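Dear colleague,

Please find below the structure that I am handing over to you, followed by an account of what was found in it. I would be grateful if you could read the text with the structure open beside it.

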Amino acid sequence: MATLADRLPGFPRWVVEQYWIETGRSLATAPAHPLALRRAYRTARALLPQVAHLTGTPSATLDRYLRELRRGGLRREIGVRCPKATGIGSPHAEILYLFVRASRPSVVVETGVHLGVSSAHILQALADNAHGELWSVDLPTVGSGYRVNEDGRIDRAHVASVGETGSAVPERLRSRWHLTLGDAKELLPTLPAPPVWDLFFHDSDHSRAHMLWEFGVAWSRLRDGGLLLSDDVPDNDAFLSFAREVGATPFLWLRRGTIRRGPSRPDAPDAGPPASPPAGRA
Ligand SMILES: C[S@@+](CC[C@H](N)C(=O)[O-])C[C@H]1O[C@@H](n2cnc3c(N)ncnc32)[C@H](O)[C@@H]1O
């Protein structure tokens with residue numbers, strides 16, 4: 001018999017995450033506030049149609065992709081390879097997978113790898129498409145340290161050794177992967193990837209100045225119709241002000257955001273208009 005999660009792909013995990021983002025409360029440990037839960041449910045329900053709209057892919061196809069990801073072994077593999085990795089199979093990782101799967105990019109570039117959960121989901125999507133390669137850049141913090149960015153925010157993502165960077169990525173997915181270690185500020189402009197990119201994902205230094213700088217580099221490389229994705233959008237106004245500056249309509253999902261370069265996408269058959277849900281707590 002079909003479960004609720006089967007009939008409404010993405011639910012209820014996406015609702016739980018959205019509820020946490022909007023209220024700062026976990027449904028697992030505190031009683032639900034009915035109005036907040038309803039709002040989170042509505043917002044989470046709008047996410048799949050929004051991805052459909054931006055990628056021109058029917059929601060039914062995205063449902064199928066999501067089921068394939070969940071049925072596949074990636075979640076278990078990452079857990080075995082790297083027990084301390086967090087965010088495995090999270091709504092953030094699933095939606096990232098959907099963007100890559102649905103837009104069928106040839107060239108994907110990401111900054112910020114850490115243990116490799118996002119890289120693994122991007123690479124799984126490329127493998128499932130049987131097309132495309134990923135260029136990743138990371139400047140690891142080695143030891144039990146942390147980094148304080150220019151805006152004073154603390155990034156606690158650290159590794160025990162340099163070799164731990166990206167260690168969650170299964171061997172079977174690595175043939176499409178080019179990992180370079182170093183500061184994105186130095187490496188991004190001269191990355192040995194093809195000059196035109198299809199999809200860029202920022203998840204490195206979330207200071208406003210660095211985000212704006214990365215977005216500028218990526219935007220100049222993205223093809224018409226290419227996608228720029230960013231994590232931790234609520235940290236500051238970099239993503240929204242960049243979107244405004246380039247005249248792109250931002251789609252905010254969970255703590256992340258996506259803009260599409262060039263002419264807006266013709267609607268997918270069942271996709272709604274690009275109304276953005278609230279970005280949630282900073
Ligand atoms: C939040 S973690 C990335 C998490 C990863 N995307 C995931 O979903 O599993 C941020 C990473 O960016 C790296 N980083 C910070 N500043 C950087 C910079 N200037 N250039 C490249 N990487 C940087 C950090 O060392 C850390 O590994």
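**His131 and its surroundings**

His131 is exposed, as 12 other C-beta atoms lie within 10 Å, and a residue with 12 or fewer such neighbours counts as exposed. Please note that this is a predicted model. His131 belongs to the loop between helix 7 and strand 2. Leaving aside residues up to four places away in sequence, His131 touches Arg104, Ser106 and Leu126. A further relation links His131 to Arg101: the two are 30 residues apart in sequence, and their C-alpha atoms are 9.7 Å apart in space.

Ala130 is found in the loop between helix 7 and strand 2 as well. With 8 C-beta neighbours inside 10 Å, Ala130 counts as exposed. The phi angle of Ala130 is near 55°, a positive value in a residue other than glycine.

Arg104, one of the residues that His131 touches, sits in the loop between helix 6 and strand 1 (107-111). For Arg104, phi is near 45°, again a positive value in a residue other than glycine. Arg104 is partly exposed, because 16 other C-beta atoms lie within 10 Å.

**The protein as a whole**

The protein has 282 residues, of which 43% count as buried. Its secondary structure comprises ten helices and nine strands. Among contacts between residues at least 6 apart in sequence, 74% join residues at least 24 apart.

Arg81 offers an example of two residues that are distant along the chain. Arg81 is part of helix 5 (residues 74-81), and its C-alpha atom is separated by 8.0 Å from that of Val169, 88 residues away along the chain. Not counting residues up to four places away in sequence, Arg81 touches Ser167, Ala168 and Pro170. Arg81 counts as partly exposed, since it has 16 C-beta neighbours inside 10 Å.

**Helix packing**

Helix 6 takes part in two of the packings described here, one with helix 4 and one with helix 3.

Helix 4 (residues 59-71) and helix 6 (residues 91-103) have their axes 10 Å apart and pack at an angle of about 120°. The two helices are therefore oblique to each other, and their crossing is right-handed. On the side of helix 4, the contact is made by Leu62, Tyr65, Leu66 and Leu69, and on the side of helix 6 by Glu94, Tyr97, Leu98, Arg101 and Ala102. Sorted by class, this contact of helix 4 with helix 6 holds seven nonpolar, no polar and two charged residues.

Helix 3 (residues 34-55) packs with helix 6 at an angle of about 30°, with the axes 10 Å apart. Helix 3 is therefore roughly parallel to helix 6, as angles under 35 degrees count as roughly parallel. The crossing of helix 3 with helix 6 is right-handed. Leu47, Val51 and Thr55 of helix 3 meet Ile95, Leu98, Phe99, Ala102 and Ser103 of helix 6. By class, the contact of helix 3 with helix 6 has six nonpolar, two polar and no charged residues. Leu98 and Ala102 of helix 6 are listed both in the contact with helix 4 and in the contact with helix 3.

Further along the chain, the axes of helix 9 (residues 208-221) and helix 10 (residues 238-246) come within 9 Å and cross at roughly 35°. Helix 9 passes helix 10 in a right-handed crossing. This contact involves Arg208, Met211, Leu212, Phe215 and Trp219 of helix 9, together with Ala238, Phe239, Phe242 and Val246 of helix 10. The residues of the contact of helix 9 with helix 10 divide into eight nonpolar, no polar and one charged.

**Around the ligand**

Which residues come nearest to the ligand? Of the 21 residues around it, these are Gly112, Val117, Ser118, Ala184 and Ser204. At least two residues of the shell are supplied by each of helix 7 (117-129), strand 2 (133-138) and helix 8 (184-187). By class, the shell around the ligand is made up of eight nonpolar, seven polar and six charged residues.

With kind regards

Notes. Residues are numbered from 1 along each chain as its sequence is written. This is a predicted model: local features need pLDDT of at least 70, side-chain atom pairs count only at pLDDT 80 or more; totals for chains, interfaces and linings use all residues. A residue is near a molecule or strand if its C-beta atom, placed from the backbone, lies within 6 Å of it. Helices (H or I, at least four residues) and strands (E, at least two) are DSSP runs, numbered from the N terminus. Ala, Val, Leu, Ile, Met, Phe, Trp, Tyr, Cys and Pro count as nonpolar, Asp, Glu, Lys and Arg as charged, and the others, Gly among them, as polar. Axes are lines fitted to C-alpha atoms, for helices over the stretch in contact, and angles run from 0 to 180 degrees between N-to-C directions. Angles under 35 degrees count as roughly parallel, over 145 as roughly antiparallel, 65 to 115 as roughly perpendicular and the rest as oblique. A crossing is left-handed if the near helix is turned anticlockwise from the far one by less than a right angle, and right-handed if clockwise. Two residues are in contact if their C-beta atoms, placed from the backbone, lie within 7 Å. A residue is buried if 20 or more other C-beta atoms lie within 10 Å of its own, exposed if 12 or fewer, and partly exposed in between; C-beta atoms are placed from the backbone.
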